[in-house]
Amino acid sequence: MSPGDDEAASRWPAGYRCALCVTIDVDGRYGEANSRPADDTYWISQTAYDPRGTERLLGVLADRGTVATFCWVGRAAEDHPLHVRAAVGAGHEIALHSWDHRPYNRMSPDEQRADMERTMEALARISGTTPVGHKTASWRFDAATHRVAQEMGLLWVMDEPGGDFPYLIQPDTQRPPMVQLPPSRWFDDYTYFVDHVLSPRRTFETWRDDLDVLRDEGGMMNLTLHPFVSGRPGPSRALGWLLDFAIEMGDVWIDRADRMARWELARAGDPRGSV
Ligand SMILES: [Zn+2]
């Protein structure tokens, strides 16, 4: 055993040497509608598949007894509240993903706060849970975004790919820190099935190799999936195969973002943490 092995063995809960967090961003039509011209009905209408894709991804997760974090756009939750409740009923976490997927770095801090509060109210009312995390739409955040999230008492954000491990951020040093759970363009299904159309098998192989290295090193993988992308028939296999691989390894911690954030807080001696 090398010194690195000791560190990997103590980084995560007993029995685990790395972490896999599956996050599913339910944008509804608002993600594409905010990034393409209004008359681009071809692309915007692709998102009409979101409800069916959500159902398929819920099935992939249920078949393997795994839980995930759903980052839900507030308006999309209002459009399909039964899907939010189905996710909660299956044990998944509900987190903030803005009200209608507009870029936060084009909003004032007050507008960002109002947007997050409105999303929080809708998701709490529909889900019956209290969200504790936020992922910025299209990862277009600015210096105010995480300060606002911290003011709202959130425990985690998933915006900045600052390495392979969770880390604490404290935009306002007078307030308790939050956990940054690093995402990546390379763990985002848009890269594989929208920006480039790759086969599910090649996508799985790329993600499997990522997870294999992170398992050696004791790191963390935060996947970002979208129902109208990874919830399509073939692409859903990429998630299924990755979960099968992770489960077969036997020492990959597959869990929700809030539990990973609370684990990180507990490691730092923060009373909001839990193990
Ligand atoms: Zn999104």
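A pocket, as I use the word today, is an open set of grid points with protein on both sides within 12 Å along at least five of seven lines, and its lining residues have an atom within 4 Å of a point. Please keep in mind that this is a predicted model.

I will start with the second largest pocket, which has a volume of about 220 Å³. Three elements give two or more residues each to its lining: α3, which is 41-46, α9, and α11, which is 227-230. Which of them gives the largest share of the lining? That is α3, with 3 residues. The lining of this second pocket includes Tyr 42, Trp 43 and Gln 46, and also Phe 193, Val 194, Phe 228 and Val 229. Arg 232 and Pro 235 are on the list as well. By class, the lining of the second largest pocket has 10 nonpolar residues, 1 polar and 1 charged.

Two of those lining residues deserve another look, Tyr 42 and Trp 43. A pair of aromatic rings is described by the distance of the centres and the angle of the planes. For Tyr 42 and Trp 43 the ring centres are 6.1 Å apart and the planes stand at 75 degrees, so this pair is edge-to-face. The cut-off for that label is an angle over 60 degrees. Are these two residues buried or exposed? Tyr 42 is exposed, with a relative accessible area of 56%, and Trp 43 is partly exposed, at 22%. Trp 43 also has a charge over its ring: the charged end of Arg 36 sits 4.2 Å from the ring centre.

Now the largest pocket. Its volume is about 480 Å³. It is lined by 24 residues, and the closest to its centre are His 101, Ser 138, Arg 140, Asp 188 and Tyr 190. Two helices, α2 at 30-33 and α9 at 189-195, each supply at least two residues of this lining. Here α9 gives the most, with 4 residues. So α9 appears in both places: in the lining of the largest pocket and in that of the second largest. What is the class make-up of the largest pocket's lining? There are 4 nonpolar, 10 polar and 10 charged residues.

Ser 138 brings me to the backbone. This serine has a positive phi of about 55 degrees, although it is not a glycine. Ser 138 is placed in the loop between β4, 133-134, and α8, 143-151. With a relative accessible area of 36%, Ser 138 is partly exposed. Ser 98 is another serine with a positive phi, about 75 degrees. Ser 98 is in the loop between β3, 93-96, and α7, 109-127. Is Ser 98 buried or exposed? Ser 98 is buried, at a relative accessible area of 1%.

A few words on the other aromatic residues. The count for the model comes to 8 aromatic pairs. Trp 12, Tyr 16, Trp 253 and Trp 263 form one aromatic cluster. Arg 11 lies over the face of Trp 12, at 4.9 Å from the ring centre. Trp 263 belongs to helix α13, residues 257-267, and is one of its buried residues. The other buried positions of α13 include Ala 257, Asp 258, Met 260 and Glu 264. After α13 comes Gly 269, whose phi is positive, near 75 degrees.

Next, the cysteines. How many disulfides does the structure hold? The number is 0. Why is Cys 21 not bonded to Cys 71? Cys 71 has the closest cysteine sulfur to that of Cys 21, but the distance is 8.1 Å, which is too far for a bond. The cut-off for a disulfide is 2.5 Å between the sulfur atoms. Seen from the other side, Cys 71 is in no disulfide, and its nearest cysteine sulfur is that of Cys 21. Cys 21 counts as buried, at 0% relative accessibility, and Cys 71 counts as buried, also at 0%.

Last item, on arginines. Arg 113 is in helix α7 and is partly exposed, with a relative accessible area of 23%. Arg 113 and Arg 208 are 95 residues apart in sequence, and their C-alpha atoms are 38 Å apart in space.

That is all from me.

Terms used: Residues are numbered from 1 along each chain as its sequence is written. This is a predicted model: local features need pLDDT of at least 70, side-chain atom pairs count only at pLDDT 80 or more; totals for chains, interfaces and linings use all residues. Side-chain values use heavy atoms; hydrogens and water are left out. On a 1 Å grid over the protein atoms alone, a cavity is a set of points where a 1.4 Å probe fits but cannot get out, and a pocket is an open set with protein on both sides within 12 Å along at least five of seven lines; lining residues have an atom within 4 Å of a point. Grid points are joined across faces, edges and corners, and a volume is the space filled by probe spheres set on the points. Ala, Val, Leu, Ile, Met, Phe, Trp, Tyr, Cys and Pro count as nonpolar, Asp, Glu, Lys and Arg as charged, and the others, Gly among them, as polar. Buried means under 20% relative accessible area, exposed over 50%, partly exposed in between (1.4 Å probe, protein chains only). Rings of Phe, Tyr and Trp (its six-membered ring) pair if their centres lie within 6.5 Å; planes under 30 degrees apart count as stacked, over 60 as edge-to-face and the rest as tilted. A charge sits over a ring if NZ of Lys or CZ of Arg is within 6 Å of the ring centre and within 35 degrees of the ring normal.
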